Amino acid sequence: MKKYLAALWEKREMVALAYAGFVTLVLPLYVQDGFNMIGDAKYHFYFRGSLLFMGIVFFFLLAGLTNIKQMKNKGLSYGELFALFFLITTVISFLFSPYHQDALWGYMDWHMGMIMQGMLVFGFFLTKRWITRHRLVSYMACAAALFVCALTILNRCGEDPLGFYRNMDWFEWNRRNLLATIGNINWLCCYLAVAVPVLLYFGWMAKGYWRIPALIGAWIGLGALFLQGSDAGWMDVGVMLLILLWMSLSRLEQFIHFWEVAILFPLFWSVFSLFQVDLILPYDIDLMGKCYSPLWLIPTAVILIILLFLRWYQKGGRKDFLQDGRIKKAVRILIVLMALVVLLIFFLCQVSDAVWLFFGSRSVLRITDEWGSFRGILWKTALQYYRQAPL
């Protein structure tokens, strides 16, 4: 019996991989009745699935206890310490809350109480401790993200392949603000803010025959994020491109891969501008007027010329000018200086109307009540209550 339990313990990674597939591949695509109560449907699906995996993990832990030597315990990483303290804080918050029911299960239709937070921490430790094939998890996440992004673009263009918009009026809020298999546009933007950088990374690192499908996937991901009219989405892509640039400054081949990813940005708008693709957008967003322009062909052509030159340079067997590290050091200094300038501008916009107005009064540059779809007033109110609350 002990022998069989020891063999079972060795298969624990399969459980963790199944859980990772459940969260990254199945959950984003899961729907029960179209957009009807889609948030609740996903929560209950996640809740029941997590309970099932908790039971399975408990059984595996019992199997591992039959041979303590196999359970190679190691110290907690910084990420694990953060998750552990987060869980402890959540438990303390629940214990001292006068609203135990809400603190335990979450508010109605917003199930983010202690139970949900505990399940999230459970999933973190399960995948962190038991998975070694991390790339497989990324592949599953990318497969779901690619489907969601492609469906998002189709929905934005007025197509409804899944029939979710049946019996909806063309101009009602739900028709324009519920998308793909995620639902609310704000939820979708949060999902894309994580998923699209992953697609960009795979577009950058893929080799051989995988490069073309990986770049197409990255292109579709960029399009899905841009068509939501999210300022944070543009910043998200900008930060990811800077990270990829930094990672590309050691070898010429990686540097070429970076420009192949960078060209996808203007290429998307070039294609949509040339073909004047019709879009179904929320009332307060006019992307077609802002972004449909033949001028996108200029940066597309410039990056294409850079790519052709770098490929010609590489095929000529010339020295890799990035290997000595001097360019990377120079770019490091430039990035630090740019970051300081951006922080300075952001700070000045908070204290000076003149600076804010100089940059066009873009709400993203100043945290006002309306900032981030009225997140500004929510944060302000939360801080105010926090200051007034007893210990």
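Colleague: The bend at a residue is the angle between axes fitted to the seven residues ending there and the seven starting there. By how much does α9 bend at Leu 192?

Modeller: This is a predicted model, with local features needing pLDDT of at least 70 and side-chain atom pairs 80 or more, while totals for chains, interfaces and linings use all residues. Residues are numbered from 1 along each chain as written, and side-chain values use heavy atoms, without hydrogens or water. Helix α9 (a DSSP run of H or I, at least four residues, numbered from the N terminus) covers residues 185-205. At Leu 192, α9 bends by about 30°.

Colleague: Which residue caps the N-terminal end of α9?

Modeller: Look at the backbone nitrogen of Asn 186. A side-chain oxygen lies 2.7 Å from that nitrogen, and it belongs to Asn 184.

Colleague: Are α7 and α10 parallel or oblique to each other?

Modeller: The axes (lines fitted to C-alpha atoms over the stretch in contact) of α7, residues 134-156, and α10, residues 211-226, come within 8 Å. They cross at roughly 50°. The contact (heavy atoms within 4.5 Å) includes Leu 146 and Ile 153 of α7, and Gly 217 and Ala 224 of α10. The angle is neither under 35, over 145, nor 65 to 115 degrees, so α7 and α10 are oblique.

Colleague: How are α11 and α12 oriented to each other?

Modeller: Helix α11 (residues 231-247) and helix α12 (residues 252-262) have axes 8 Å apart. Leu 241 and Met 247 are among the α11 residues that meet α12, where Phe 255 and Phe 258 are among the partners. The packing angle is about 160°. α11 and α12 are therefore roughly antiparallel.

Key: Helix = DSSP H or I, 4+ residues; strand = E, 2+ residues; numbered from the N terminus. Expected span 1.5 Å × (residues − 1). Polar contact = N/O pair within 3.5 Å; in protein donor to acceptor, adjacent residues only side chain to side chain. Axes fitted to C-alpha atoms, helices over the stretch in contact; angles between N-to-C directions.
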